[in-house]
Amino acid sequence: MTRSDPGQWISVQNNEGRWSVWPAELPVPAGWRAMSAAASREACLAEIETRWTDPRPNSLKEATS
Amino acid sequence: MSIETGLAPGLVALSPGEKQICAHDRVGQLAPYAIQRVRLKADLRWSKAQLRQAADAVIAAHPVFAARLRRRAGGTLLRSQDAADRVSLIELATDQDIESRLASARFDLEGGPGVLALLAPTQGGHMIALALHPAFGDFAVLEHIASSLAAALLGERPCEQVLAPLALPDAATQRARLDHWRPLLDGTTWLNARLPQRYNGAEDLARAEVSHRLDCGQTRAALRRGGLPLEVSLAAAVGVALMRYSGHGRLRFAVGQMATHSTRRSEDILPLCLNLDPGQRFAEAEAETLRALADARAHGLPSEYLLQDLLRRDEADRHPLGAIALHVQQETALPEGLDLLTRPEPAALGECMLLAYLRRDGALELHANYARGLFEPALIDRFLVHVTRVLTTGTQQSDLPVGRIPLLLRQELDLLSAPYEDNTENDPRPVHELIADHARLTPERTALISAGVEWSHGALNRRANRLAHRLLDLGVGAEVAVAIMVERGNEAVMAILAALKAGGAYIPLEPDHPESRNHHILTDAAAHVVITRRRYLDRLPAGTGAHILCLDDSPGAGQPESDPETTIHPDQMAYIMYTSGSTGKPKGVAVEHGPLSHHLQDTARVYEMSRDSRELPFLPFSSDGGHERWMNPLMMGGSAVIPDGPLWTPEQSFAAMRTYGCNNASIPTTYLQQLAEWAADTGEAPDMRLYSFGGEGLAQTTFDLLSRELRAPLLINGYGPTETIMTPMVWKVRAGTRFDGAYAPLGRAVGNRRAYVLDERMMPCPIGVAGEIHLGGEGVARGYVNRPGTTADRFIPDPFGPQLDGRDGARLYRSGDLGRWREDGTIEFLGRVDLQVKLNGYRIEPGEIEAALLAQPGVSEALVLLREDDGEKRLVGYVVAPPEVQEEDLMRALESGLPKHMLPSAIVVLERMPVNPNAKLDRAALPLPGRRHRASAGVAATGATEADILAIWQQEIGNPEMGVTDDFFAMGGKSLTALKVLTRMRRHWPGVALTIADLFDAPTVRSLARRIAQGDATGRQAITLRGTGTGSKPMLYCFPGLLVSTREYMRLTDYLGDNQPVTGFLCHSLNEEKRLNVSVSEVVAGYVAHIRAESAGRPCAFLGWSWGGLLAWEAARQLRGEVDIRMIGMVDVCDLGSDFAPGAVPDFAPGERARLEAEMRDWLRKTRMRAQWEALIAAMDGLCYDQFLRFIGNEAEPLPCDGPEVSSREHTFWVLIDNALVFRQYQLAQLDVPVASFSAGDSLSRGLNLVDWRRYSSRASAAAVVPGTNHLHIIGDQLFHARFKAALDAAMGG
């Protein structure tokens, strides 16, 4: 079973700065916001690979800066 | 073509459906059909006299009240309509009387009426009730009668109706329609949709019912009543619900046909093949359903024709037309004051029959009638609810894709996903501070024991502190990685605690892992410090740039013993654990302090840990579970005994548990089994409170073993990907707990987590439906080090957290594991998502088949995979086993335990699994399954006899590699091949009386040659299929059907097990010597002598299949009083049909008889069996000769001329006719023996003239019907085996 691709995805980010992807056709879950236009899942993940440079959650960054 | 030609006036032929019902009735098993009942209440606006008058008028006008069935010679039933037979209304005193008359209504199909009409006063009026035998009509007939009655009450005069003629498609249309259906129903493209079944569930006769009702408001909301027929919306909703349950959009189920007759039965089903997609809107699903319904009806056929056609294949589905059947009906409109109090009861076909019934008050009732042995009642109940949710939501939210219609409500999801209940507030501090607490509170208590060295909490803390200060000096702090490359032991634990105390993130590194792996880890995580030993220095990769500290050099010397004052942020990394991915380089999973500390505190409570806990953690330090199991006791003030070597024998482990007084142990599942086996062998197991385990699927047998032998009261099965921190789910049970499923449940989530089973569209799966396990909540890792894309791919936004827990922005980890929710809300493991296989529409977990293979003696490894060679997909099992393990035996063992769709098409026995240079399984090197290959060339023949036999065998089996010491059957010889081979050998050695028994006894060329040379062929008729052993049961004697060689019983013999001895008799027709006028009594003489010699005065049982039933009966008659026959199993035994039954006069068209006779003469001149045929014909009386001509005339194929060899068509034809002559002479006697009879569904659907054994023995029971099989295949059918064994066990026990 491969995950059937419902088509278009978007990159999303949560309040801690963590990234993920989400089907474009569905409402973005609370606490997350859309960060890209709709694209293929692979394209979104490739984009995240370059944009998510600091793995630390925002709270930790704030506490240690 | 009309089948009513040639009948006497007033007699009409029965439809295929009516015939089938009569056959069911005859063998005493009306189910799945039911007596149809209707209750009509009339209120006080009508008097009893008015009702009576109206009812009398309806009875006089409707043909069903005057109908009777008449049996002709050979069993054919015809329907008569004679005014003299008309029934009249019976008046009763109360409605209670009506109920009892309805409940006890019995109908005699041979000449009795098919309907009962009753009238009685009831509260507020009167009740008219009818009971109708299904052979005479269905619910539509009753509704029509009710409408006529209403009309009569309103003053209309009922007009007289005539019986509707049968409208059957002609032969050409039939053929065309069968051609249309075959590819749709062959199981390769359209999934025969099913609901999730109980583990090891079996379909027995017991049925159960459940109902669900939508009131008219809810129904209005659910049905957009514009344009589309009700059945379209309902069938679409059922289709969508089944797609959601099966994960498959191209699916089929059966749908009921519209009633077309008001005077006789017209209820039937047709398969509905739907092409649905989760992305469709409900209206689109309805449009597809409308198309599919129209297509099905355009190719309508009596379902019996379809069924018979499909059941010709041995591997046909048990319910080829649909495991699920849906009927949609609407209550008939009646004038005010009249109420229909009954609902229709369509035939309960398939595994689950659904009826949607729209009441005239607007309410919609959903009823399910299902096989009780197959389904959890709650599952069917929920399915009905889910159908209504699809309908309601699909109608109201018309833009929602059907794949996104929620099947679970919020509350249901809340309950299912919930963790172990625990309201305790956790301590916010990180784990090392919780552990350090005990150095202050109880410094002298033991913390660690390893290699005989014991450290107190105080000592551990002081050492860890000193090293921590040193690490701080080296610059360790938040987000800085410290690798610990030290063997498992006290010092490794100390070093880990030091890294945590310094604020760093520790990475466990195994010194004996490959250097390349460790190098990758050190550079990937940018380890700042490596703590190790001098002896491992040479294994350290060069050029990492990290500080190296060797424990042998006392790196903490001179440092303070006090706790370092570092502040730990909850989001700070605590450790990085590298997982050994199956492909590519290991990935580092980073885990933060906050979730780690919470997880450990939550887990400690689930495990009931305390300061008295002393744990033996056996899991390695390279897995996160290994760390949980020492952190847990230490943070509670308890202690851990750390094994000092990677491999302890069970003896050493038990000794350590005893020596150190351990009470908890955490152990990999495979090792736990060794411990349990050791405990079983020695009878010694130390007193332990708790064993926890995990790591692989735990089978029921293993769980039972450890549950029984290890004698610990508490057992915990832990599950968890590293990405969700140690063991996010546990199944905690008392020893002795049973579970359903291939593997032990994974349990439920621990702590602030939730566990979900989601489908491909992120929708929660209903209980019982397979989906991917997702874990969410607080206890998930930060992600993969240096892999943001992979992290984003695997850790996804949690759409449920905000709703269920008010947790915004949370993430879910998708595990890649398949699971399903169980009835108790725990999750069952089903395998890996990427290993799941889809074949013929079935989702198959290879793990389940592998588990079944591993359960066979001798099998040490098993692998099942889907091979695609030359475009053909098939399941192939590979096992590692000693050479004496036969593939054929493994296959039969699987057949008796697995459903058909899970059976591999081949099994290959290997000496070992092929591996590639990395010691991983090399799938590409697995051999193609084919004919069994020999390790070396076969042994060559010596002497002319061996050479001649070998040549025959090689040709007939088609295997030139065969040698003289190879087993005939193991090399691919089948029953038919055996017959051909025997024929050829007999011709070669006419002086030797070879029978198939010789081939069984001497199945190699060499042994058979010896027999021939010595001229001592047995000529025996009895073959021991399974011998008597110690403690074995009484003998089962199997009486053969025509041309049965006894090999047909092998599957049954296997199913019955080792302690059931079985003897099979050879059919007397299996040789070319043709004797005429043999009587049944002569045929059985040899069998009787054998039984008498073996079982005189002892108990035994008989099985008679087909014609063998008569032989068994005759043998029982002759052996009366001599042997104790506990049961005769009668398997699909038919009486002579109208072809050859005495008294069945055949019909000929004018001139036809002469033409047939000329044809026959012509044929006789050509055939080599002329002499035999002429002798046979000479033995016929006049009627029988006419029947023979008629029989020839009915044959579609030209008459055969390929005799007289045993395997030829002509020989079979001759045997059949000869047999009919023998049979005509035989009279079944009355006998006082217990009879259990079994009928194949197909034989009933053909309306064959099955023997009702209750007429010949008062100790015979009604037949057990085995659906989905036919006269030939029933003997190898699993469901038949189960029912036969149950009957045999009951007979022998009683």
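**A seven-stranded sheet in chain B**

B:Ser1239 faces B:Val1265 of strand S48 in chain B. This pair of residues offers an entry point into a model that is predicted. The strand that joins S48(B) here is S47(B), residues 1235-1240; the two run parallel and are linked by three bridges. In general, the strands of a sheet pair through backbone hydrogen bonds, in either a parallel or an antiparallel sense.

The wider setting is an open sheet of seven strands in chain B, ordered S42-S44-S43-S45-S46-S47-S48, in which the pairing is mixed. Its edges are formed by S42(B), residues 1022-1026, and S48(B), residues 1264-1266, each of which pairs on one side only. Averaged over the sheet and with direction ignored, neighbouring strands are turned by 20° against each other. Packed on this sheet is helix H32(B), residues 1108-1118, which touches S43(B) (1035-1039), S45(B) (1099-1105) and S46(B) (1124-1131). The direction of H32(B) makes about 150° with that of S45(B). A further helix, H38(B), spans residues 1278-1293 and lies across S45, S46, S47 and S48 of chain B. H38(B) runs at about 160° to S46(B).

Strand S45(B) deserves separate attention. Of its seven residues, six are buried, and the strand is therefore described as mostly covered, a residue being buried if 20 or more other C-beta atoms lie within 10 Å of its own. With S43(B), strand S45(B) pairs in the parallel sense over five bridges, and within that pairing B:Phe1102 of S45(B) is the bridge partner of B:Tyr1037. With S46(B), strand S45(B) also runs parallel, and seven bridges join the two. One position in that arrangement is B:Gly1104, which stands opposite B:Met1130 in S46(B). The route of the chain between these two strands passes through H32(B), giving a β-α-β crossover that is right-handed.

The connecting helix can now be considered in its own right. H32(B) is mostly covered, with nine of its 11 residues buried. The buried residues are B:Gly1108, B:Gly1109, B:Leu1110, B:Leu1111, B:Ala1112, B:Trp1113, B:Glu1114, B:Ala1115 and B:Ala1116. Among the elements against which they pack are the strands S43, S45 and S46 of chain B. They also pack against three helices of chain B, namely H30 (1080-1083), H31 (1085-1095) and H36 (1209-1224).

The view may then be widened to chain B as a whole. Its secondary structure comes to 38 helices and 48 strands, and its C-alpha trace spans about 120 × 95 × 55 Å along the principal axes. Chain B has 1294 residues, 49% of which count as buried. Of the contacts in chain B with a separation of 6 or more, 72% are between residues 24 or more positions apart. The chain is divided into domain 1 (11-153), domain 2 (182-407), domain 3 (836-930), domain 4 (943-993), domain 5 (1022-1135 + 1230-1293) and domain 6 (1152-1224). Taken over C-alpha atoms, the centres of domain 4 and domain 6 of chain B are separated by 31 Å.

Finally, chain B meets chain A. The contact takes 26 residues from chain B and 29 residues from chain A. On the side of chain A that touches chain B, the elements giving two or more residues are strands S1 (9-14) and S2 (19-23) together with helices H1 (41-51) and H2 (58-64) of chain A. By class, that side of chain A has 17 nonpolar, seven polar and five charged residues.

Notes: Residues are numbered from 1 along each chain as its sequence is written. Chains are lettered from A and ligands numbered from 1 in the order in which they are written. This is a predicted model: local features need pLDDT of at least 70, side-chain atom pairs count only at pLDDT 80 or more; totals for chains, interfaces and linings use all residues. Domain bounds come from an automatic or database domain assignment. Two residues are in contact if their C-beta atoms, placed from the backbone, lie within 7 Å. Helices (H or I, at least four residues) and strands (E, at least two) are DSSP runs, numbered from the N terminus. Ala, Val, Leu, Ile, Met, Phe, Trp, Tyr, Cys and Pro count as nonpolar, Asp, Glu, Lys and Arg as charged, and the others, Gly among them, as polar. Two strands pair if DSSP finds at least two bridges between them. Axes are lines fitted to C-alpha atoms, for helices over the stretch in contact, and angles run from 0 to 180 degrees between N-to-C directions. A residue is buried if 20 or more other C-beta atoms lie within 10 Å of its own, exposed if 12 or fewer, and partly exposed in between; C-beta atoms are placed from the backbone. A crossover is right-handed if, with the strands pointing away from the viewer, the path from the first strand over the helix to the second runs clockwise.
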